[in-house]
2 protein chains.
Amino acid sequence: MTNQRDIARLAKTSLKTVSRVINRDPLVNEVTRKRIQDIIDQTGYVPNEAARMMRSQTSDIVGFLSEDVATTSSSIDLVRGAQDVAHAMGKQMMLFNIRRGEASETEALAQLARFRAGACILATSFHREVPLPRTDMKTVLLNCYDAAGETATVLPDDRQLGHDLVQELLRRGYRRPLFLNLAPELAGARLRAEGFVAAGREAGMDLSGRIRTASAGPDRDHTYYVDEILTVEMAGPERPDVLICGQDLMALPVYFALMRLGLSVGKDVAVTSFDNLQPLAKLMQPGLTTMDLPYYDMGRVAMQQALSENDSPVRQLVQGQLVERDSLPAKGTA
Amino acid sequence: MTNQRDIARLAKTSLKTVSRVINRDPLVNEVTRKRIQDIIDQTGYVPNEAARMMRSQTSDIVGFLSEDVATTSSSIDLVRGAQDVAHAMGKQMMLFNIRRGEASETEALAQLARFRAGACILATSFHREVPLPRTDMKTVLLNCYDAAGETATVLPDDRQLGHDLVQELLRRGYRRPLFLNLAPELAGARLRAEGFVAAGREAGMDLSGRIRTASAGPDRDHTYYVDEILTVEMAGPERPDVLICGQDLMALPVYFALMRLGLSVGKDVAVTSFDNLQPLAKLMQPGLTTMDLPYYDMGRVAMQQALSENDSPVRQLVQGQLVERDSLPAKGTA
DNA sequence: TATCAATTGTCTCACGTTGTCATTATCGGT
DNA sequence: ACCGATAATGACAACGTGAGACAATTGATA
């Protein structure tokens with residue numbers, strides 16, 4: 001592989017001048033610079049990053065430890081956001097699929113230490129508390145947090161998501177929302193419930209009784225109790241005019257349940273949700289109106305934090321916004 | 001950061017002996033080894049990968065250039081499979097989201113060259129032909145192929161997928177399959193159609209007229225024409241007893257269309273598909289019987305190829321198999 | 001011609017690791 | 001005690017880059 005010495009020989013110049021050109025030292029004459037640059041381009045020389053890392057004692061590498069990238073497809077956007085920022089700043093990202101607390105985590109951290117990575121981002125597939133990893137590396141928690149709050153953290157503002165969604169529903173004239181929430185073991189579910197109740201209170205309503213737990217815990221993914229709940233509620237005295245699903249994946253069984261009950265989504269009852277899971281939310285019929293979870297932005301913020309000099313344990317909440325489709329019609333037409 | 005010299009000083013031994021311990025050289029006396037190892041553990045020393053790379057002139061890094069990781073969630077399994085193999089072999093994988101032919105691709109290849117990566121895997125989100133990237137690096141094409149066939153390639157065996165699915169349907173007594181295929185611009189769609197017709201021919205049937213194009217081209221993702229087609233076909237003289245969807249995402253609008261037609265999936269007509277997209281296929285009601293696309297295995301095979309000494313342009317086809325749920329009932333009950 | 005600035009070159013070291021080769025310690029056999 | 005053999009350890013160089021110190025060269029200007 002060509003090195004700077006080869007370039008110097010070909011350009012009939014000194015090693016030092018080549019080094020100057022590569023490191024954009026302004027002291028070099030434009031003609032010389034051009035001549036050397038041409039040779040660099042011709043030979044396809046690329047500086048040896050290993051040597052640079054060793055010499056400069058810095059590595060330009062940030063680790064991204066992702067718990068179960070596979071399970072939630074939206075978590076990919078965390079990766080994308082982080083990576084886009086990293087590359088824009090000339091940094092490299094190393095991705096590791098891990099399972100928290102298992103060997104895969106230790107190994108990933110060891111590998112990153114080998115590469116003298118400057119920081120690592122630790123992402124989970126859903127919003128929850130985690131034990132801190134044992135590492136000296138600067139760490140940013142993404143979509144998760146530690147109990148002690150000693151680490152920089154980037155989270156979705158689930159309280160805001162719940163609040164703003166309900167506020168919008170009430171503004172549009174809906175009066176009997178029913179929240180089919182995820183299991184309360186999930187931090188996001190608890191926060192959204194808070195926001196849900198708060199938005200009701202601001203409108204002079206007590207919505208605290210309008211929440212049902214409609215999914216099994218995180219250990220039993222995608223087990224929903226929507227049939228049982230809807231069979232009761234849609235025939236009950238306080239029949240909901242809008243259903244709020246804990247996530248888009250839950251909205252799918254909700255659609256099926258409503259059809260079985262002979263009810264039309266958007267006509268007999270509106271349906272909303274959280275995630276904006278692509279392309280599912282768009283492909284459902286009618287299209288699902290849902291609060292977009294800002295995973296891409298969260299990934300960006302986390303990487304910015306990882307690359308910043310700031311070492312304080314900042315806690316950053318990223319907001320989401322409503323994506324409108326047809327499952328939430330204007331109240332007049334419902 | 002501690003280095004081998006520090007360890008040597010603390011252990012009152014030479015640099016070389018420390019190096020031997022770290023590289024598990026059996027020449028070292030057990031007593032010495034233990035003494036040095038203890039110091040290594042105490043200090044938390046980790047070898048500097050940059051120095052190792054420079055000294056040994058190899059890098060243990062493989063690049064994974066992924067086109068649009070985000071769009072198709074199944075393509076994550078390509079990443080997972082590749083990564084699992086890489087880590088099992090003590091290699092590191094660097095992931096890059098790129099757009100083919102654009103600056104992001106060139107930059108990714110340049111970064112990998114900087115790190116003196118030994119190989120790169122180039123993955124697309126759907127099976128298709130690609131122009132070869134301009135690089136000297138050993139390249140493995142994953143889920144895509146070059147026209148000249150000059151590069152090692154790992155592809156899903158789409159012909160087998162189409163063939164085996166139809167063979168199984170016929171075996172179960174279905175006689176009027178209708179293939180709602182993806183756009184013929186997609187290589188996978190063409191191959192599955194071949195397999196579809198071939199399996200029919202083997203059973204003495206001419207299925208060549210039983211294929212409809214039900215999706216727009218790759219540039220207009222997730223636009224399906226299933227309503228128009230099904231409205232005609234389900235009322236026509238050759239009413240299908242089983243529908244084969246081009247992908248699980250298409251099965252979703254198919255379900256909705258059938259419901260609108262007052263038909264019950266699994267009862268009035270069976271539905272099958274390709275992908276086994278999680279968790280969608282499981283959450284649809286009834287659960288979707290679908291040919292699993294072996295993305296995880298493809299990722300594994302591609303990484304094995306990337307890490308192998310073999311430089312010949314092998315073309316490896318990875319097979320998939322049927323995942324049974326309730327949308328394809330035993331013929332007797334349909 | 002003297003002076004100065006701009007440019008280029010020489011030389012040296014440092015980063016952390018590992019391969020080559022040399023040296024020292026130990027042991028068995030005589 | 002001595003030899004040879006083997007085991008164990010050590011000294012040193014080199015990988016490619018970047019930087020500092022400073023010398024040398026060129027060209028322009030006073």
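Across the interface of chain A and chain B, the rule finds zero salt bridges (a side-chain nitrogen of Lys or Arg within 4 Å of a carboxyl oxygen of Asp or Glu). This is a predicted model: local features need pLDDT of at least 70, side-chain atom pairs count only at pLDDT 80 or more, and totals for chains, interfaces and linings use all residues. Residues are numbered from 1 along each chain as its sequence is written, chains are lettered from A and ligands numbered from 1 in the order written, and side-chain values use heavy atoms, with hydrogens and water left out.

**Interface of chains A and B**

- Twelve residue pairs are in polar contact across the interface, both residues at pLDDT 80 or more. A polar contact is a pair of N or O atoms within 3.5 Å; within protein, one must be able to donate a hydrogen and the other to accept it, and residues adjacent in sequence count only if both atoms are side-chain atoms.
- Six elements of chain A each supply at least two residues of the side that touches chain B: α4 (49-56), α5 (75-88), β2 (92-98), α6 (103-114), α10 (248-260) and α11 (280-283). Helices (H or I, at least four residues) and strands (E, at least two) are DSSP runs, numbered from the N terminus.
- The largest share of that side, seven residues, comes from α10(A).
- By class, the side of chain A that touches chain B has 30 nonpolar, ten polar and eight charged residues. Ala, Val, Leu, Ile, Met, Phe, Trp, Tyr, Cys and Pro count as nonpolar, Asp, Glu, Lys and Arg as charged, and the others, Gly among them, as polar.
- In contact are 48 residues of chain A and 48 of chain B (heavy atoms within 4.5 Å).
- The two chains bury about 4,500 Å² between them, 67% of it on carbon and sulfur atoms. Buried area is the accessible area (1.4 Å probe) that two parts lose on being put together, summed over both.
- Arg116(A), Phe256(A) and Leu283(A) supply 15% of the area that chain A buries against chain B, more than any other three residues.

**Symmetry**

- A turn of 180° and a shift of 0.1 Å along the axis lay chain A on chain B with an RMSD of 0.3 Å. The two copies are thus related as by a two-fold rotation axis. Superposition is by least squares on the C-alpha atoms of residues with pLDDT of at least 70 in both copies.
- Ala50(A) comes closest to the axis among residues of chain A, at 2.2 Å (C-alpha).
- The copies meet through the same surface, because 100% of the interface residues of chain A are also interface residues in chain B.

**DNA strand D**

- Of the 23 residues around strand D, Tyr45(A), Arg55(A), Thr13(B), Arg20(B) and Thr32(B) come nearest. A residue is near a strand if one of its heavy atoms lies within 4 Å of it.
- Sugar and phosphate account for 60% of the strand D atoms within 4 Å of the protein.
- A polar side-chain atom of Thr13(B) is 2.5 Å from a phosphate oxygen of strand D.
- The side chain of Arg20(B) has an N or O atom 2.6 Å from a base oxygen of strand D.
- α4(A) gives the most to the surface near strand D, with four residues.

**DNA strand C**

- Of the 28 residues around strand C, Thr13(A), Thr17(A), Thr32(A), Tyr45(B) and Arg55(B) come nearest.
- A polar side-chain atom of Arg20(A) lies 3.0 Å from a base oxygen of strand C.
- Two residues of chain B reach phosphate oxygens of strand C: Gln4(B) by a backbone N or O atom at 2.7 Å, and Asn23(B) by a polar side-chain atom at 2.9 Å.
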